[in-house]
Amino acid sequence: MFNLEKTTNIKVDIVKIVNNIFSDAIKQGASDIHLESTRDGMVVRYRIDGLLKVISSGNKELREFIFSRIKIMANVETTGLPRPQEGNIKFEYKKDKFVDLRVSIFPTNLGECCVIRILESTKYFDNYKDLGFTDEQVKILEKTIHKPYGLVLVTGPNGSGKSTTLFTILNKLNTPERSLVTLEDPVERQIDMVRQTNINPEIGLTFASGLRYLLRQDPDIIMVGEIRDKETAKIAVQAAMTGHLVLATIHTNNAAGAIVRLNNMGVEPFLISSALRFVSAQRLARLNCPYCREEYEPPRELLEKLDAPKSIKFYHSVGCDKCNFKGVKGRVGVHEVLVVTKRIQEMILKKPSDEHINKIAIEEGMMTLHQAALAKTYEGLISIEEAIRLTE
């Protein structure tokens, strides 16, 4: 832990100060660093396990030096009027161990705000269960991604781990016999032997145009950072029907909603029915701290609402120095996996609502997000309050 208020010689120490902010955040397992201007100077906050934590504060002079140093490291404009900017830093956390940092700078009425996303270049999960998938969901995923073509979608809100899921799949499929390409905004994690491209609308390189060009690059597997518009959706679906495995994210609340979203974007139902293979809707659940976890009796109204089995034991964490007295330590994915079965293919042709698709998917064996979160509760991994927060 560091303290900006104890800094004496700013000009001499600025490199060390910024390095300490980065190193300390990585050591504490933060996903983001917030450097925010205040009326008197600045405040530093880390997002750890989904929650922001105030770390330190500094004066206006220190703020200007820190922001200038970060801008230089991120190779963005350091002079002129404040404006939104984005950049990247490859930070050497330890000897020969690098961490990618994605920098976003934005002006506010009190001064600039800098948010830095921490992306470890070498951090990949080798086991889908580490991402929170159940044994049955892993079997479905493995079977799907080893087919030579089709569309695989991952959906969920910002910060729900969609990119981590896609990169884990890419890492599993990355062999010398396959050609893997990606379109990202921006490139987050570098993967050996994968051709990764940043989209750049200023030069006409959008998801749609980039995807069209990539199809001429003889790819086997294509990852599209996000399907945002009709043109991208149509090209992705057509690519998935013509011999390519296409992985992509899309923003919807549940798995069935991804089908409706593609419909609303103007993709013909018969194309969706033919191309789509698999949709995973996901959330990140905060894990009970294992050091202070204890059995407890949830409020009666919650138990009645959930109709939980009487034999189930429930756990929560009360908070300790290991979890910064938050009661949570680490996060795990909660997944709703929809497989496009023959019944669902037939339903897609009728332009159904997500409620209709959801009903059939449940009948076909899909575990809903709510059920998946409760399963983590029954395992003692998360509290019942966390399960409800995520899925209601």
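Student: What is the strand order of the open sheet of seven strands, and how are the strands paired?

Tutor: The order is β9-β8-β10-β11-β7-β12-β15, with mixed pairing. Strands are DSSP runs (E, at least two residues; helices are H or I, at least four), numbered from the N terminus. This is a predicted model, where local features need pLDDT of at least 70 and side-chain atom pairs count only at pLDDT 80 or more, while totals for chains, interfaces and linings use all residues. Residues are numbered from 1 along each chain as its sequence is written, and side-chain values use heavy atoms, without hydrogens and water.

Student: What makes β9 and β15 edge strands?

Tutor: β9 (194-198) and β15 (328-339) each have a single partner strand, so one side of each is left without a neighbour in the sheet.

Student: How do you know that β12 and β15 pair?

Tutor: Pairing takes at least two DSSP bridges between two strands. β12 (residues 276-288) and β15 share ten bridges, in the antiparallel sense. In β15, Val 334 is the bridge partner of Arg 283.

Student: Why are α12 and α13 called roughly antiparallel?

Tutor: Angles under 35 degrees count as roughly parallel, over 145 as roughly antiparallel, 65 to 115 as roughly perpendicular and the rest as oblique. The axes of α12 (residues 369-378) and α13 (residues 384-391) cross at roughly 165° and come within 9 Å. The two helices are therefore roughly antiparallel.

Student: Which residues of α12 and α13 meet?

Tutor: Contact means heavy atoms within 4.5 Å. Leu 369, His 370, Ala 373, Leu 374 and Thr 377 of α12 meet Ile 384, Ala 387 and Thr 391 of α13.

Notes:
Axes fitted to C-alpha atoms, helices over the stretch in contact; angles between N-to-C directions.
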